[in-house]
Amino acid sequence: MFLVITLLFLSTRSTGVVGDTLFAGVCDGRNGDNLPSPTQTISLYQKINIGWIRLYEPFPDLLNSLQGTGLLVAVGPKNEEIKTLADQYEYAVNWVKTFIAPYNVSFNWITVGNEVIQSEIGRYVPQAMRHIKAALTQTGISRTIHVTTVLSTAALANSYPPSAGVFKPQITEVLTEIASVLSSTDSPLMVNIYPYFAYASDPSHVSLAYATFGSDKPVVIDGNYQYTNIFDAAVDSFNAALEKLGHGGVKVYVAETGWPTRGNPPYTSVENARAYNQGLLKKLTTGARATPRRPQVPVVTFFFEMFNEDLKQGEVEQSFGFFTPNMVPVYDMWNVKCL
Ligand SMILES: *[C@@H]1O[C@H](CO)[C@@H](O)[C@H](O)[C@H]1NC(C)=O
């Protein structure tokens, strides 16, 4: 296999990039029995000049492969560890000593829990975050690492129009506590956003163009703010919800977003996935990196995901990858075509 540089994004390379590296992240899910090795995986990230990687667990072999690469890393403890991390400070110190301190890796975000806020362990998240933050300091890690958590849009009771964004009442208390930790540590809240699901569940009210960055005219006008795409609207619903908690200064970053290529035609398709992901990459690399409600805050974003994962439940969930497990691109993206 060899990679050929295409001209696809060359015209946009003067903004949104550092050197040749894109200001964008890609998630590396590992639920597959046929995935490339950690070394092959990290080489592919470097070949396509992705600057950031999100791991779902601190797999030692992946962390080894990341050493010295300079890729910015988001990683978190397993959901099953969150209660113990909250209950026992020493456990958090050990976690940092085991998974963070030994590696020459540019850790930038620690995600305490992925979409767990509404579950049993949700209430342990704020204390687990505090413990990890304190453990990083105690362990002498000099690099600033943002400790945060990741919400899904299910955390919102209302998201339309974006200014009406508000969290569900039953999680308001824990989210207020989390927002206060984020605020005092200057860390972002992270959210997973899937315009695909909004579109596929209600195609008669949600247009494909609005879902996939295909509209250059406003589709939703919300007071002074105009929205041409769901991505911006969804991020701003979270911004509005944070304002209602009294924490409008906390930034909203996107920990996952993507579009599946198979499993639910015609909503899933290579064409729709390409339109969404290329549209988003263009947004993130051409100066419009913020949202109408927060024009000064570029939205740090991780695309979901590097490889199709054959062990996930159902064809849709298995088909978000940019690459097949043999590292063949599913469609043109990231400046590469595979011949
Ligand atoms: C650690 O990684 C950086 C790149 O991120 C590299 O410049 C440096 O030499 C590495 N340090 C060691 C001790 O290997």
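**Cavity, ligand site and backbone oddities**

Sorted by type, the residues lining the largest cavity come out as four nonpolar, two polar and two charged. This is a predicted model, and the cavity in question has a volume of about 40 Å³. The structure holds just one cavity of 30 Å³ or more. The lining is made up of Val 235, Asn 239, Lys 251, Val 252, Thr 291, Arg 294, Val 297 and Val 299. Put names to the types, and the nonpolar part is Val 235, Val 252, Val 297 and Val 299. The polar pair is Asn 239 and Thr 291, while Lys 251 and Arg 294 supply the charged side chains.

Next comes the ligand. Gly 68, Gly 70 and Asn 104 surround the ligand. For Asn 104 there is a polar side-chain atom 2.4 Å from an oxygen atom of the ligand. On its own the ligand would expose 370 Å², and the protein buries 30% of that.

The backbone has a few spots worth a look, starting with two cis peptide bonds. One of them links Tyr 160 to Pro 161, with omega at about -15°. Pro 161 sits in the loop that runs between β8 (156-158) and β9 (166-167). The other cis bond goes from Pro 265 to Pro 266, and here omega is near 5°. Pro 266 belongs to the loop between β13 (252-256) and α10 (270-285).

Positive phi values turn up too, in residues other than glycine. At Asp 186, phi is near 50°. This residue is part of the loop between α6 (172-184) and β10 (189-192). Asp 186 has 60% relative accessibility, so it counts as exposed, the cut-off for that label being over 50%.

Phe 213 also has a positive phi, in this case near 60°. Its place is in the loop between α8 (208-211) and β11 (220-222). With a relative accessibility of 18%, Phe 213 falls on the other side of the scale and counts as buried, because that label applies under 20%. To put the two side by side, Asp 186 is exposed, whereas Phe 213 is buried, and each has its positive phi within a loop: Asp 186 between α6 and β10, Phe 213 between α8 and β11.

Key. Residues numbered from 1 in each chain as written. Predicted model: local features only at pLDDT ≥ 70, side-chain atom pairs only at ≥ 80, totals over all residues. Heavy atoms only, no water. Helix = DSSP H or I, 4+ residues; strand = E, 2+ residues; numbered from the N terminus. Buried < 20%, exposed > 50% of the residue type's maximum accessible area, 1.4 Å probe, protein only. Near = heavy atom within 4 Å. Polar contact = N/O pair within 3.5 Å; in protein donor to acceptor, adjacent residues only side chain to side chain. Areas by Shrake-Rupley, 256 points an atom, 1.4 Å probe, with all protein chains shown as cover. 1 Å grid on protein atoms, 1.4 Å probe; cavity = no way out; pocket = protein on both sides within 12 Å on 5 of 7 lines; lining within 4 Å. Points joined across faces, edges and corners; volume = space filled by probe spheres on them.
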